[in-house]
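Hi,

Here is the structure I promised to pass on. My notes follow below it, so have a look at the model and then read on.

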Amino acid sequence: MSTHKPAKIPPFPHIAASAHISSETVRQSFCDTALSQRDAFWTQLSKVIKFHKPFNEVLEWKVPRASWFKGGELNVSENCLDRHLRDRGDKTAIIWEGEPEGQTRKLTWSELHALTCRISNALHAQGVVKGDRVLVYMPMVPETVATMQACARLGAIHTVVFGGFSSQSISDRLQDSGAKVIVTADGTYRKGRFMKLKSVVDEALTKGSHSVTSVLVFRRDAAQECAMTAGRDFSWEESVLKASPARAPLPLDSEDPLFILYTSGTTGKPKGLYHTQAGYLLWAHWSTRWLFDVQDNDIFWCTADCGWITGHTYIAYGPLSNGLTQFMYEGAPTHPHKDRFWEMIDRHKISTLYTSPTAIRMFMSSGEELPAKHSLASLRILGSVGEPINPEAWNWFFENIGHKRCPIVDTYWQTETGGAMVAPFPGATVLKPGSATKGLPGVLLDVVDPDTGKSLGRGKKGALIIREPWPSMARGIWGDPARFEKTYWRSSPAFDGVYLTGDLAMFDDEGDLWVEGRMDDVLNVSGHRIGTAEVESALVGHQDIYEAAAVGVPDAIKGQGIVVFVELTEKAYRDIASGKRDIDSIKNEAREQVGLEIGSFAKPNEVRIAKALPKTRSGKIMRRLLRELAVNGEIRGDTSTLEDFSKDALTEE
Ligand code: PRX
C-alpha cells in the first residue's frame, strides 16, 4: 500500500438512485443480519432459487465439511435457463463476436435452452449420467456455456480446462478427474491465427492412462482440417444438432458436485477444487446482482475465459441466473487493431465491463488516444478481478474508460471462494483506488499474525483469513480430502478451523481491505495462478536440467513475471564444453519445456543458468535470495543458514 492517503470517491448519485443496494446503511445492515441472523438471512435470499424439494437446514458445519441448504433438491441449469423462458424467452442471452471481423451471433434464452438440451441429450447418448465427469476444452463460444449448462442439467460434473493449457495438462486433469467424455472444438481464432484445440486433445489422449470413451467436436470453422477418430470422436452435427431440443432437468441434492476446477497450489500437482449446487448458485446469483447492480436492459461483459473461475461464476452461471444479457468475445483484445475492445463496447452498447488489471495495463501502454476515439457512453459500471489493481491503472480505467462516471468494482476472490468475497457495492461504497474495500454479507474477514493466528486489527499487514463458512466455498479437493483440510482449514495449530486465503493483506483505519498478493509459493502472472513448484517440475523434465527454482519478479504489464534459475546436469556441461550443445539453445528449450508441460501463458520471462542453487542446511532452495538476485541483480539478505554457498555459485555461466 502506498504511504500517502488514498483518494476517495463517494458513490455516484446517478448509480445510487436506481441501485439494488443504494446506501452504506443498507449494505451494512445486510452484513450485520447475515452474521446475527444467519439462517433467516440465507433462507430469505435462497427464495430466488427454484427448489424441487425444500432444504431442511441452512448450514451444517463440521470443519472442513460444509453442507449448505441441506436436504434441498434443485437443478442449476433449470434456474439459469428454464426459469426465464416464460418472461425472457425472446430476450437475448448471449451476443457473441468472433475474432475475424464481422462474425456475430445472438442467442435468445429459448435458443440457449434448446442448445443446452441438445448437448445434454448428446452427452447422455454417450453414456454420461449423474456424477460422471466431462472435460471441456473449448474456445470462447456460446457452445461452451451451453456445455457447462448441459452438464449441470444432467448432474454431470464439468471440468473446464482453459484453451491455453498444454496436452500434458489435459492428460493430468483427465487422470485426476477420471473424465469419460471430452467436449472440444477444432480450434479458435487468436491474433489472426487458427489455433488448434482438437489436435491438443488427440495428443493428450495418447499420454498416460485415462477413461475417455468419446469426444464431441464442435466445428468453429468447417473449412479447417480436423482429424476424427472413428468410434471415439463425434461431430457436433451428428451428435448435438440431431439430438432433441428438450430434456428435463434432473433434480440434484444441494451438495452434489457441480464442477471441478483445477488451480495451482504450492506443490507441482494442481488441485481440483470442487463446488456444489445450491450454495454456489446462490452466491453466483446475488454477487452478480449486487456488485454489478444488474438492471433489466444491461449488457454485461466479463472478459475472462470460461476456463477460469471468473468465467464460471460471472459468465456461465451468475448472468444467466439473473436473466442478464451478456456479451462474449472469442479472441485477442488487440486484434486486428488495438481498439477492438472499445469498438465492441460501442457496437453492442455494453453497460458493464468486468476485466483484469493486466488487460487495463496493456491498454494503458498503448495510450489514451485509442479509447478517446470511441464514445463508451453505454458503460455504467466497471469491474476488476484477478490481481491487485495498482492505483495508476485504476485511475486510468476510471478516467479514460469510465469517463469519471462509472464506479469501479474491484473484486477480490479465489477459485476456492466460488465468487467475490470483498468488493464495493457500486451504489453504496466509497471507492478507494487499489482497495477491494469491504467483505460481502456473511464474509467474516480478518487479518492475523501469520505465526500466532492472532488478530492484528487495523493498520498491520498479515495473513488474510475468513472466519466463518460461506455458501459458495469449495467443498473439497477432488480425490484428496486431506490436502483440502491441511491447506485451507488446519494449516497449523494457530489456524485451526479458519479459512486461510494464502494472501497478504491489511485493513486501513477505515476498515477497507488492501490485498497485496500471495504469501506462499504461488505466482500471479496476468491474473493466472501458477505454482513455482509446477514450473520447476516442468523444467526438471528436460534432459539437461538437474534442478530448477522459479521466482516471481515485478512485471509492468503482467503484474508478475517468472524468472527461473536452472542447474544443468554434468552431461550437459560436458556437451557444452565439447561444443555439442550451447547455452542459448538450452535456455530456449527450457522456456519451451514450460510451455509444453503447462501452457504458453506460463513461459518464464527469463531463464538463468546457475552453477549451483543456494540451499538451506535442510536442503530447501533459498528462493528469497534468488528473487532478490532476479529483481535487484544482487543479494543483500542474510545468508548465514546457507551451506556450500558462495556468491560465485550464483553467477551466470
Ligand atoms: O492473490 C489473490 C489474487 O488472485 C488469487 C486467486 O486466484 P484465482 O483462484 O486464479 O482466482 C482469480 C479470480 C478470482 C488470490 O488469492 N486476486 C484475485 N482478485 C484479486 C486478487 N488480489 C487482489 N485484488 C483482487 N481483486
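E57 stands opposite K70 in β3. That pair belongs to β2 and β3, which run antiparallel to each other over 5 bridges, and a hairpin of 2 residues takes the chain from β2 to β3. Strands and helices here are DSSP runs numbered from the N terminus, with E over at least two residues for a strand and H or I over at least four for a helix; two strands count as paired if DSSP finds at least two bridges between them.

Before I go further, the ground rules: this is a predicted model, with pLDDT of at least 70 required for local features and 80 or more for side-chain atom pairs, while totals for chains, interfaces and linings use all residues. Numbering starts from 1 along each chain as its sequence is written, and side-chain values use heavy atoms, leaving out hydrogens and water.

Back to that hairpin, which has some backbone oddities. Most residues other than glycine have a negative phi, and most peptide bonds are trans. F69, in strand β3, has a positive phi of about 55° without being a glycine. The V63 to P64 peptide bond is cis, with omega near 0°, and P64 sits in the loop between β2 (57-62) and β3 (65-70). Another cis bond runs from H335 to P336, with omega near -5°; P336 is in the loop between β18 (325-329) and α12 (340-348).

There is also an open sheet of 3 strands, in the order β1-β4-β14 with antiparallel pairing. Its edges are β1 (51-53) and β14 (252-253), each paired on one side only. β1 meets β4 (residues 73-74) over 2 bridges, antiparallel, and F51 stands opposite L74 in β4.

Next, what does R133 touch beyond its neighbours within four places in sequence? The contacts are I157, S177, G178, A179, K180, V181, I260 and W478, where contact means heavy atoms within 4.5 Å. R133 lies in strand β7 (residues 133-137). The C-alpha atoms of R133 and G178 are 6.6 Å apart, with their positions 45 residues apart in sequence.

On the larger scale, the chain is divided into domain 1 (37-277) and domain 2 (522-650), bounds that come from an automatic or database domain assignment. Domain 1 gives 14 residues to the contact and domain 2 gives 13. Their C-alpha centres lie 37 Å apart. Together they bury about 1000 Å², 51% of it on carbon and sulfur atoms; buried area is the accessible area (1.4 Å probe) that two parts lose on being put together, summed over both. S166, S264 and G268 account for 37% of what domain 1 buries against domain 2, more than any other three residues.

Last, the empty space. How many cavities of 30 Å³ or more turn up? The count is 1, with a volume of about 40 Å³ for the largest cavity. A cavity is a set of points on a 1 Å grid over the protein atoms alone where a 1.4 Å probe fits but cannot get out, and lining residues have an atom within 4 Å of a point. Points are joined across faces, edges and corners, and the volume is the space filled by probe spheres set on them. The lining is V160, V161, F162, F165, R173, L261, Y262, G307 and W308. By class that gives 7 nonpolar, 1 polar and 1 charged residues, taking Ala, Val, Leu, Ile, Met, Phe, Trp, Tyr, Cys and Pro as nonpolar, Asp, Glu, Lys and Arg as charged, and the others, Gly among them, as polar.

Cheers

Technical notes
1 Å grid on protein atoms, 1.4 Å probe; cavity = no way out; pocket = protein on both sides within 12 Å on 5 of 7 lines; lining within 4 Å.
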